[in-house]
Amino acid sequence: MFLADRYNLQKLSNISKKHIFAYVEYMQRKGLSASTIKTELAAIRFFYDNMPYTRSALPTNDELDLKRRTFGGVDRTWTNQEYNLMLAVAMECGHKDYTAILALARYAGLRLEECFRIDTNDAKNALNSGKLFVKGKGGLTRYVPINESIRISLTDILKETHVGQKPFVKPEDKTHLAMKRLQCFIAYHRKEFTNNRITFHGLRHTFAHEQYEKFIALGFSDFAAHKKVSELLGHHRDDVTRIYLSDGE
């Protein structure tokens, strides 16, 4: 919208360096964080790089002199309204896969890459046992309980997935592109009902907050509640858990 209004630019393939520099300056004047600006630029670069004919190479973040992403100070958790509205958009666009992935992050605390590693065997075992086997960072594995929302989503997506395949990656697709498309989907549609602060990873923050509150309500100490949340998130580090449970990403 900015480039169309200011430069009368109609085609993304016609974007040049001057357009990107102007857009970054515009976002900075609006007070957007470096993290949000980088997310916006990542979405633009993704679509631009996948076009057959483009005019020039886009500037890197170093050329744009963007600050490094910072941690803390921004609440990344999703509200129930934000989550439900994003689900509604995904369903309206025919993305059953996105509704399932959002549920896995929201109610089981999965990372983006962990969702896309799930295969049909993992999903079926989860439906039978009530716990999902997750292959996490650094080769660490864990089991996380699934709720009814995840159960319904996985049951639905398995109807359209052949045995041995990954429910969220089509056979002809590449995993990193499938993940990037979901991130771009969120970055594009979040503008319809919220500001640019929510990201896919923010759903892990939401999960961490709600699990911590649940454990405290059950009588766990602060230390014990942090430990339980850490195990569910799959990193076993209290310092990282405290980042998730603070106001920052």
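Here is a chat about a predicted model of one protein chain.

Colleague: How many helices and strands does the protein chain have?
Modeller: Going from the N terminus, the elements run α-α-α-α-α-α-α-β-β-α-α-α-α-α. Put as a tally, that is twelve helices and two strands.

Colleague: What share of the 249 residues of the protein chain counts as buried?
Modeller: The cut-off here is under 20% relative accessible area. With that cut-off, the buried share of the 249 residues is 46%.

Colleague: Among contacts between residues at least 6 apart in sequence, what percentage join residues at least 24 apart?
Modeller: Take Val-89 and Ile-186 as one example: they are 97 residues apart in sequence, yet their C-alpha atoms sit 9.6 Å apart. Counting contacts over the chain between residues at least 6 apart, the part that joins residues at least 24 apart is 65%.

Colleague: Which helix supplies the largest share of the largest nonpolar core?
Modeller: This core has 40 residues, and Leu-110, Phe-116, Leu-132, Phe-168 and Phe-200 touch the most other members. Several elements each put in at least two residues, including helix 4 (80-92), helix 7 (120-129), strand 1 (131-135) and helix 9 (175-189). The largest share is eight residues, and they come from helix 5.

Colleague: How many residues are in the other core, the one with Ile-20 and Leu-58?
Modeller: That core lies apart from the largest one, and Tyr-23 and Val-24 are also among its members. As a rule, nonpolar side chains in soluble globular proteins tend to be buried together. For this second core, the count is twelve residues.

Colleague: Does Cys-115 count as buried or exposed?
Modeller: Cys-115 belongs to helix 6. Beyond its neighbours within four places in sequence, Cys-115 is in contact with Ile-101, Leu-104, Leu-110, Phe-168 and Phe-200. Its relative accessibility is 0%, and buried means under 20%, so Cys-115 counts as buried.

Colleague: Which element gives the most to the lining of the largest cavity?
Modeller: The structure holds two cavities of 30 Å³ or more, and the largest has about 40 Å³ of space. Its lining is made of Leu-110, Glu-114, Arg-117, Ile-118, Asp-122, Leu-132, Phe-133, Val-134 and Lys-135. Helix 6 and strand 1 each supply at least two of these. With four residues, the top contributor is strand 1.

Colleague: How many charged residues are in that lining of the largest cavity?
Modeller: Sorted by class, the lining has five nonpolar residues and no polar ones. Glu-114, Arg-117, Asp-122 and Lys-135 are among the lining residues, and Asp, Glu, Lys and Arg are the types counted as charged. The charged count is four.

Colleague: How far apart are the end C-alpha atoms of helix 2?
Modeller: Helix 2 covers residues 17-29, and at 1.5 Å a residue its 13 residues should span 18 Å. The model agrees with that, because the end C-alpha atoms are separated by 18 Å.

Colleague: And for helix 10, what is the distance between the end C-alpha atoms?
Modeller: Helix 10 has 16 residues, which should span 22 Å at 1.5 Å a residue. The distance in the model agrees with this expectation, at 23 Å.

Colleague: Which residue just after helix 10 takes a positive phi?
Modeller: Helix 10 takes in residues 202-217. Just after it comes a phi of about 100°, and the residue that takes it is Gly-219.

Colleague: Why does Gln-211 count as buried?
Modeller: Gln-211 sits in helix 10 and touches Val-229 and Leu-232, leaving out residues up to four places away in sequence. The cut-off for buried is under 20%. Gln-211 meets it because its relative accessible area is 14%.

Colleague: Which residues does Lys-180 contact, leaving aside its neighbours within four places in sequence?
Modeller: Lys-180 is in helix 9, and it is partly exposed at a relative accessible area of 25%. Its C-alpha atom is 10.0 Å from that of Phe-47, which is 133 residues away along the chain. The contacts of Lys-180 beyond its sequence neighbours are Ala-42 and Phe-46.

Terms used. Residues are numbered from 1 along each chain as its sequence is written. This is a predicted model: local features need pLDDT of at least 70, side-chain atom pairs count only at pLDDT 80 or more; totals for chains, interfaces and linings use all residues. Side-chain values use heavy atoms; hydrogens and water are left out. A nonpolar core is a set of buried Ala, Val, Leu, Ile, Met, Phe, Trp, Tyr and Cys residues joined through side-chain atoms within 4.5 Å. Buried means under 20% relative accessible area, exposed over 50%, partly exposed in between (1.4 Å probe, protein chains only). The expected span of a helix is 1.5 Å times one less than its number of residues. On a 1 Å grid over the protein atoms alone, a cavity is a set of points where a 1.4 Å probe fits but cannot get out, and a pocket is an open set with protein on both sides within 12 Å along at least five of seven lines; lining residues have an atom within 4 Å of a point. Grid points are joined across faces, edges and corners, and a volume is the space filled by probe spheres set on the points. Contact means heavy atoms within 4.5 Å.
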